[in-house]
Each structure stands twice: as C-alpha cells, then as structure tokens.
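Trainee: Could you take me through this structure with care, one topic at a time?

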Amino acid sequence: KPFKRLLLTGAAGGLGKILRERIKPWADVVVLSDIADMGEAREGEEIIQCDLADKAAVMRMMEGVEAVLHFGGISTENTFENIMQANILGTANVYEAAHKKGVKRIVFASSNHTVGFYRNTDVIDATAPTRPDSFYGVSKCFGEQLASYYWDRTGLETVSLRIGSSFPEPNDRRMMVTWLSYDDLVEALRRSLFATRVGFTILFGMSDNDVAWWDNSKAAHLGYKPKDSSSQFDGKFPDSGEYPGANHYVTYHGGAFALAEVRYKD
Ligand code: NAI
Ligand code: 15L
C-alpha cells in the first residue's frame, strides 16, 4: 500500500464516515481522529479521539504519519470563538505537528465558502481573491494561507480542496451547480495524494455538472476528472423563473451562507 500511516481528521463526520471505508486501500494503517466517538477500531484502523485545539494531543496523533486528510472542524457557520478553536487553532496545530513530524502532504478540506460572495454570474479560478461569506469561510481562508505559508517555508505540500456540496444527492437548486459526488470526492483525494508534485494547489471540488462556477484549469497538474454529474437529478428542483437571477439561494456561490439572516448572532 502507498502509505504506512495515513491520518484522517473529522473521521466521525458525514464525509469522514464515508472516507473511513474508501481510503483503506491507500494505507496499512488509517489513523482516525475526531473529538466525537468513532466506535471500535476495525482492521487496519487506529483511533485517536482528541480535540484539534489540544496541541500536545495533535502532536501525538501525528507520530509516524506520512500524509493527512484534514477534514476535522466545525463545518458550518458558528460563533467566531468556536470557529477559532476548532478551525483556526485546530488547523494551525495540524500544520505545525505535520511539519515537526515530517509529514509530506496534506489535503485540506477547504470550502466554497472561501469564495461564497461571488455571484452566480461570476466564473472564477484559483487565482481569484477570496470572498468569504462567514466566519466559517474566513477560517477556511486561514487554513489555505497556512498551507501556502508552510509550503513556502518548509516544503510541506497541500492541496486545498474547496469542496462544493458533497452529499449523496443535491438537496436544492444551488447544489445542482456545487454538487460533488462521493465517488468524485474520493477521486479528487486520490489525485491530490498521488500526483507527483502539488506544492500549494487549490482544487475546486465539484462533479462534472452542467453549470460550473469554478474553473479548475490552474489545478490541471492533478489530472482530476470527475465522472458524475448532477444532470442525473435534472428536473428535481424546478426553475422558479428567477435562475440565475434573484433567487437568493443561487445569487451567491455560497448560497444561504451569504444571506444577511444567516450571519451568526450570539
Ligand atoms: P461534519 O460536521 O459532519 O464533520 C466534521 C467533524 O469534525 C465532526 O465529526 C466533528 O466532531 C469534528 N470536529 C469538530 N470540531 C472538532 C475539534 N475541535 N477537534 C476534533 N474534531 C472536531 O462535516 P462534513 O460534512 O463531514 O465535512 C468535513 C469537512 O469538509 C469539514 O472540514 C467541512 O468544513 C468540509 N467541507 C464539507 C462540505 C460538504 O459538502 N460536506 C463542503 C465544504 C467543506
Ligand atoms: C460547506 O462548507 C459545509 O460544510 C456543508 O455542510 C455545505 O453547507 C456546503 O458547504 C455547501 O455549501 O453546500
């Protein structure tokens, strides 16, 4: 197998549960980590339950690890204080520990919410300035900047995978554009882990949907080619007559995250 020890953070989460099974062929031991319970370790697994904000624990978790799939953290909008602990401090701990323990590459589960304030009339590539739509989006921008810094400073490589919407199926009209099937997610991770050289790369995580807001030409060296398309769900979310116009949920790339009502209030 390509890796002796491959670490997956966020292993108890929605995507973590899927990936837990799918990444097994890539490593002798998959180290699964989360703050939440992950059940019993199965064959070829090791479980480390800890808070990413706990630097000493993150250091221990990184022992012997060759590559990291960093999916742990708060995955929607929350208070800045909570986001700061889990996503900002947590991701900083992951990077520092990875550097200290000699990890070669990280795939960082970034998000479309780094660019959520672009409009549905904008098609952007990885060079577009970030336009986060939430504290959550800001924290993902911070993670990407850490990746850039550690690459330039230490040679630790990262693919920042700006995931659109990775669920079994699109749940609304916007997700017809942002959908990333689980198979395509696994393929994006495979390419990100095994491409010869990635340095600091941003890859938009989307399937081969009919409408695209994101242009992956800057990540061509990864060779990622999605196989699924949201077109198999055509007709499920009838056009309100406003698309791509006034319908709020498709006005911005970030959908509802960009709406004023969604701004987190204590
Ligand atoms: P999720 O919320 O189901 O999973 C996140 C996991 O991280 C949870 O199991 C949670 O317990 C863990 N976690 C939270 N705070 C932690 C901490 N302080 N220490 C250790 N673990 C902690 O989210 P999901 O959907 O599985 O997403 C996984 C990753 O992918 C997240 O980083 C999310 O931001 C990112 N992402 C997901 C998208 C999607 O469509 N599912 C879209 C864009 C990004
Ligand atoms: C995300 O970043 C979230 O983690 C996920 O729960 C969805 O909201 C997704 O983006 C999306 O934009 O659909």
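**Cores, a ligand shell and one residue**

Mentor: The largest nonpolar core has 60 residues, and those with the most contacts inside it are L8, V68, A98 and L203. A nonpolar core is a set of buried Ala, Val, Leu, Ile, Met, Phe, Trp, Tyr and Cys residues joined through C-beta atoms within 7 Å. This is a predicted model, in which local features need pLDDT of at least 70, side-chain atom pairs count only at pLDDT 80 or more, and totals for chains, interfaces and linings use all residues. Residues are numbered from 1 along each chain as its sequence is written, while chains are lettered from A and ligands numbered from 1 in the order in which they are written.

Trainee: Which helix gives the largest share of this core?

Mentor: Helices here are DSSP runs (H or I, at least four residues), numbered from the N terminus. The largest share of the core, 7 residues, comes from residues 80–100, which form helix α3.

Trainee: Is D183 buried, exposed or partly exposed?

Mentor: A residue is buried if 20 or more other C-beta atoms, placed from the backbone, lie within 10 Å of its own, exposed if 12 or fewer, and partly exposed in between. Because D183 has 13 C-beta neighbours inside 10 Å, D183 counts as partly exposed.

Trainee: Which residues does D183 touch, not counting those up to four places away in sequence?

Mentor: D183 lies in helix α6, residues 182–194. With contact taken as C-beta atoms, placed from the backbone, within 7 Å, the residues that D183 touches are K227 and D228.

Methods
Helices (H or I, at least four residues) and strands (E, at least two) are DSSP runs, numbered from the N terminus. Two residues are in contact if their C-beta atoms, placed from the backbone, lie within 7 Å.
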